[in-house]
Amino acid sequence: MKGKLYADILGKWIRFSVSPVHMAHECIVSCVDISAEEARRRRLHRANTTNETVIRVIRRLVSEPCFSQAMQGILSDLSEAIHPDWLYVLETDRKTISNTYEWCAPGVKSEMGSLQNLSYDEYMLSWEKCLETDTSVVIPDIEELRTQGDIDGYNILKRQNIRNLMSTPLYYQGKLIGFLVADNYEENEMMNTRYLLETVGAFMAMYVVNRRLLE
């Protein structure tokens, strides 16, 4: 008998084989530590799964003639990959910010109506500060904001029942035009959430600008 398992006591992945011997009620068991091999396999699988999602989303973006329908389809596709409560696009002219597209999980109330023409300085400057040292705004637990003294930011997110948040900036020719945001998403080993949102966001920004030009 052969197989592999994760040994909790050792904290390692083990490949084992069990072979009978001529003596009654005895056998030979051999074990090999395959933790590094398993880690490589899982990283590869995670990358493949993420890239497949990226390709599917971008294909929808370039093939759907109606931009608004394409955006709604993209948010739906992304929701199936990262399982958030709320997934949405915020567009900005650096003076105001508005929610232009959203996807909500069943039972989650839409916030689009209340997130229109808000002050950019009031709501987004803290995010912009994060982008000075990172490629996305990642808040794995909003309790960290309270610990860091950002009570206003904490209260805003707490009021919307947000537990965690990832916000990817949308840039066009180096200019910030918006954010792709996921609230209460599930981080799992099968999907690279940051890479997924940042890659999709890079393509999405170009189409947002094209829509603006057409309008």
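Guide: Two strands count as paired if DSSP finds at least two bridges between them, and the strands themselves are DSSP runs (E, at least two residues), as helices are (H or I, at least four), numbered from the N terminus. This is a predicted model, in which local features need pLDDT of at least 70, side-chain atom pairs count only at pLDDT 80 or more, and totals for chains, interfaces and linings use all residues. Residues are numbered from 1 along each chain as its sequence is written, and side-chain values use heavy atoms, with hydrogens and water left out.

Visitor: Why are β6 and β7 called edge strands?
Guide: The open sheet has six strands in the order β6-β5-β4-β9-β8-β7, with antiparallel pairing. Strands β6 (118–119) and β7 (137–139) each pair on one side only, which is what marks them as edges.

Visitor: What makes β8 and β9 a pair?
Guide: Strand β8 (residues 165–172) and strand β9 (residues 175–183) are joined in the antiparallel sense by eight bridges, and the rule asks for at least two, so they pair. Met 166, for instance, has Ala 182 in β9 as its bridge partner.

Visitor: Which strands does helix α2 touch?
Guide: Helix α2 (residues 67–82) packs on the sheet and touches β4 (86–92), β5 (96–104) and β9, where touching, or contact, means heavy atoms within 4.5 Å. Helix α6 (residues 193–214) also packs there, touching β4, β5, β7, β8 and β9.

Visitor: Why is α2 called roughly antiparallel to α6?
Guide: The two pack at an angle of about 175°, with their axes 12 Å apart. Angles over 145 degrees count as roughly antiparallel, so α2 and α6 earn that name. Among the residues that meet are Phe 67 and Met 71 in α2, and Leu 196 and Val 200 in α6.

Visitor: How do you know that Leu 157 is buried?
Guide: Its relative accessible area is 9%, and buried means under 20% (exposed is over 50%, partly exposed lies in between, with a 1.4 Å probe and protein chains only), so Leu 157 qualifies. Leu 157 sits in helix α5 (residues 151–159) and, leaving aside neighbours within four places in sequence, contacts Ile 139, Ile 142, Leu 145, Ile 162 and Leu 165.

Visitor: How do you know that Cys 31 is in no disulfide?
Guide: The structure holds zero disulfides. The nearest cysteine sulfur to that of Cys 31, belonging to Cys 27, is 11 Å away, whereas a disulfide needs a pair of cysteine sulfur atoms within 2.5 Å. Cys 31 is exposed, at 52% relative accessible area.

How values were computed. Axes are lines fitted to C-alpha atoms, for helices over the stretch in contact, and angles run from 0 to 180 degrees between N-to-C directions. Angles under 35 degrees count as roughly parallel, over 145 as roughly antiparallel, 65 to 115 as roughly perpendicular and the rest as oblique.
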